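Open the model in your viewer and keep the selection tool at hand. This tour goes from one stop to the next, saying what to select and what is there.

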Amino acid sequence: MDETVVKSLYTPNCQQDAINLLSKLAVNLPGMIFQVLQQQDGSVLVLYVSSGCEYLYELEPEAIQKDFRVLYKLIHPQDIKAFTESIDFCTTSITPWHWEGRIITPSGKLKWIQATSQRELQESGDLLWNGLVMDITDRKQAQEKLLESEARYQAILDAIPDLMFRISRDSEYLDLKSEGANLTLSREKIVGKHVQELLPSDVAAISLEAIAKTLDSGALQTCEYQLPTPLGVKDYEARLVVSGQDEVVAIVRDITERKQAEIALQNLAQKFAKAFSCSPDSITISTLQEGRFIEVNDSFVKLSGYERDEAIGKTSFELNLWVHDRDRINLLQELQATGVVRNLEFEFRQKSGKIITTLLSAEIIDLGGLPSILAVHHDITERKQVEAQLRLSAERDRLLAETLVRIRSSLKLEEILQTTVTEVRQFLQADRVFIGLNNTKLGAKTLAESVDPKYPSVTGWSTNDEAYLQELRNLLKDNVVGVIEDITQVALSPKVKTHFQKFQTRATLSVPIMLGNELFGALIANQCSGPRHWQPIEIDLLQQMSEQVAIAIHQSQIYQKLAELNTNLEHQVQERTAQLQQKMQEVEELHRVKDVVLHTVAHDLRTSVMGNLMVLKNLLNQKVGSGELGVGSWEAGEQGAGGKGENKKLPISSLLPTKCPSAFSQSQIPVSRSIIERMIQGNDRQLTMINSLLEINSCEKQGIDIKPEPVDFNTLLGATFTQLEPILRQNQATLKNLVPADLPLVMADATRLEKVLAHLITHSLQNNPPGLNFILSASVEGKMIRTQIQDDGVVMSKLECDRLFDLHVRDPQDCCSTSIGLKTYLCRKVIKAHGGEIGVISNRKRGLTFWFTLPLATSATNRP
């Protein structure tokens, strides 16, 4: 309906008549007519909605008139923005409203709609909107399909890698498409040319004939030809169809690879035919559903026993090939699921009835439109038999090895024998296995047995019938294995037959158990369910098991003897232990006496030496004078500033008590001052040695008592050097301190560590001439501090270095005194008590390097 007509109807005078007229017109329109009044206060009043809204929106007119916003909720989420923008544009530009978009109806249908509206300003200032909404879903879908079709055909055209030519009846190239094709000439050199100008004469003749046939018949024509190219001779196929008045479209495709593939396929078919007939494995071709043989090779004839003409045309079920019919069904299911199977193991029945095992590989092939199975059967019957033998051998070896381990690891004979018969019965799958004893005093009895509950047990059976026992022994004479596969087929005495019948024995295998040359008993296996053929591997197992049982029995006898010997040995050990305890008590008493003697002698010597030292030092310190010292005098070598000493005489009477009678009180013996000094030095060394001996004895008995604490190593060294300064100056020695100032704290007993440092430096001073030079260094190694004291004095041999810190009596000619050896021994004791190590290295050129290590203090005791 024209909008101007609709507009003219909506006047204040004929508004109701117009609405009635629109209602009649809307019945015949495939859309919805609406009239909306937008008042000046912003409110919106829906004056009219045609019944087309029921089809278009699936809403009643009353629902829309009640709340027009219900239409907004149906707009597709992706189109709401465009809808809002169209409303805004119409409002600002004062132009008619037009919008196309999608809605989703309450039932879920997707529709395309087109809405138009014209506004009209009323005298009251309100705006009256007259509009029409049309369903354009079909048109939109048709447009989309058309676009999709055009895109699809264009994609197909673009995807075709072939050359396409438009050629006129007179063989002129009108147009071409060469995208994706390997074209040697450019478009300009082809269009406008004739076929005869570009193609060889023979190919041009073929092409002209094909063009004429295509235009005359109107049907598809195909021709093949070869063309030389820079890459060699290529094969091409041209398909021609009529494309217009006196013109054709030629689609040219490179079929070189296809031609080569066809040739390769022909060669492959020949090879397959040869492989099919010459294959050592059975190859068959049969129908998929029935399994009817279409073709078989010579190996199938040899494997199955059926001739070729007997098999072709028959099914595998008719030839009774499947041992288990279910296997054929499983094969079909696997082939239909995957199309191929590889190396599935099946059992087949030969024409003779013999069962064989094969590995089947098969694929589904298409043979002239008939689904078929190409199957290859590889006979593995012999391999399966060998594998079974290997499994039996492995099980036998395992059983033998476990039995041997039990024999070596256990001395319980009854347990070994019972386990042996149980596992042997399991291996043989026999009904009864037992070990019988042959004893001249006890007769025959069963030591161990494993039996099927269905059959009687021989445990508890015994007999003293010597004649019967001798007959049983004769079955095992000369260490021969007794093999009876069926007792009904062997000549036996009535007593033996009665014995077998009593215990339902139908077949038996017995192996003697020999201890040296004496028959101890037998390892026996019985089959009660029926006769049995005993295999060589089973006989071999029983023979080897009997040897192991003999070893176990012999071992048990040896153990009994050892037990008796052990009892005697325990008595002897107890006696020797008592004697040893007595001796140890005697040694302890000797040690106690030694300690008493050591302390007594050391105390007396120490008292004497200290007394001598006091006298000698007092004498040495007295002033020289004739009135006090008498006529006699000693020489004392004291050097003055001039470098020469003045000899002074000291009276020997000053060493004696004042009331001492005899000639000594009346005469004086002159003694040199240097002799007195040497006497003092000797007494000092003796006192030091006595103190060292006492300290070593205390260490050996009670250990060294140290009190470690975090110590600053540099502070400790400074205190030690202060104490050593007089002796260093006296020996004209120098000490260079290279210890870093930032060393971490060490855990040490400062007093004992000072003595260690003093002893090591004193050792070097006493064993070298004056003028010695020391270098002191330290470094952190892991969780320890390593300290080194290097001098440039005399060297020592490796043996001397290794023994320096040991406790031993030195050679009398050794330059080092015994007291020094005691001090170095104590040094090692102290360092070891700290958790460190100590040693000495003789430098290659000159001097020694003493070293020792001490543990670092823990983080809790480090400096803040």
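Two strands pair if DSSP finds at least two bridges between them. Keep that in mind at the sheets below. Note too that this is a predicted model.

**Stop 1: a sheet of five strands**

Select strands 1 to 5. In which order do the five strands lie in the open sheet? The order is 2-1-5-4-3, and the pairing is antiparallel. Now look at the edges. Strand 2 (44–49) and strand 3 (97–104) stand there, each with a single partner strand, so one side of each has no neighbour in the sheet. From one strand to the next, the twist averages 25 degrees.

Select residues 110–121 and 127–135. These are strand 4 and strand 5, an antiparallel pair with nine bridges. Pick out Leu-121: its bridge partner in strand 5 is Leu-127.

Add residues 80–93. This is helix 5, which packs on the sheet and touches strand 3, strand 4 and strand 5. The direction of helix 5 makes about 160 degrees with that of strand 3.

**Stop 2: two hairpins**

Move on to strand 13 (residues 340–349) and strand 14 (residues 355–367). Strand 13 and strand 14 run antiparallel, joined by eight bridges. Find Glu-347, which stands opposite Thr-357 in strand 14. Five residues lie between the strands of this hairpin. Gly-353 takes a positive phi there, near 100 degrees.

Next, add strand 15 (residues 370–379). Ten bridges join strand 15 to strand 14, and the two run antiparallel. Leu-367 stands opposite Leu-370 in strand 15. This hairpin has two residues between the strands. Gly-368 has a positive phi near 65 degrees.

**Stop 3: a salt bridge**

How many salt bridges does the structure hold? There are 27. For one of them, show the side chains of Glu-345 and Lys-384, which meet at 2.9 Å, N to O. Glu-345 lies in strand 13 and Lys-384 in helix 13 (residues 381–409), so the pair ties together parts that are 39 residues apart in sequence. Side chains of opposite charge can pair when their charged atoms come close.

**Stop 4: two helices that cross**

Select residues 713–730 and 750–766. These are helix 20 and helix 21; their axes come within 10 Å and cross at roughly 40 degrees. That angle makes helix 20 oblique to helix 21. The crossing is right-handed.

Show side chains where helix 20 and helix 21 meet. On helix 20, the residues in contact include Phe-713, Leu-717, Gln-723 and Ile-727. On helix 21, they include Ala-750, Glu-754, Leu-757 and Leu-765. By class, the contact has 13 nonpolar, two polar and one charged residues.

**Stop 5: the sheet under these helices**

Keep both helices in view and add strands 22, 24, 25, 26 and 27. They form an open sheet in the order 22-24-25-27-26, with mixed pairing. Strand 22 (734–737) and strand 26 (838–842) are at the edges with a single partner strand each, so one side of each is left without a neighbour in the sheet. Neighbouring strands are turned by 20 degrees against each other on average, direction ignored.

Zoom in on strand 24 (residues 773–781) and strand 25 (residues 784–791), which pair in the antiparallel sense over eight bridges. Glu-781 has Met-784 of strand 25 as its bridge partner.

Bring the helices back. Helix 20 packs on the sheet, touching strand 22, strand 24, strand 25 and strand 27 (848–855). The direction of helix 20 makes about 165 degrees with that of strand 24. Helix 21 lies across strand 22, strand 24, strand 25 and strand 27, and runs at about 170 degrees to strand 27.

Methods
Residues numbered from 1 in each chain as written. Predicted model: local features only at pLDDT ≥ 70, side-chain atom pairs only at ≥ 80, totals over all residues. Heavy atoms only, no water. Axes fitted to C-alpha atoms, helices over the stretch in contact; angles between N-to-C directions. Helix = DSSP H or I, 4+ residues; strand = E, 2+ residues; numbered from the N terminus. Parallel < 35°, antiparallel > 145°, perpendicular 65-115°, else oblique. Left-handed = near helix turned anticlockwise from the far one by under 90°. Contact = heavy atoms within 4.5 Å. Nonpolar A, V, L, I, M, F, W, Y, C, P; charged D, E, K, R; others polar. Salt bridge = Lys/Arg side-chain N within 4 Å of Asp/Glu carboxyl O.
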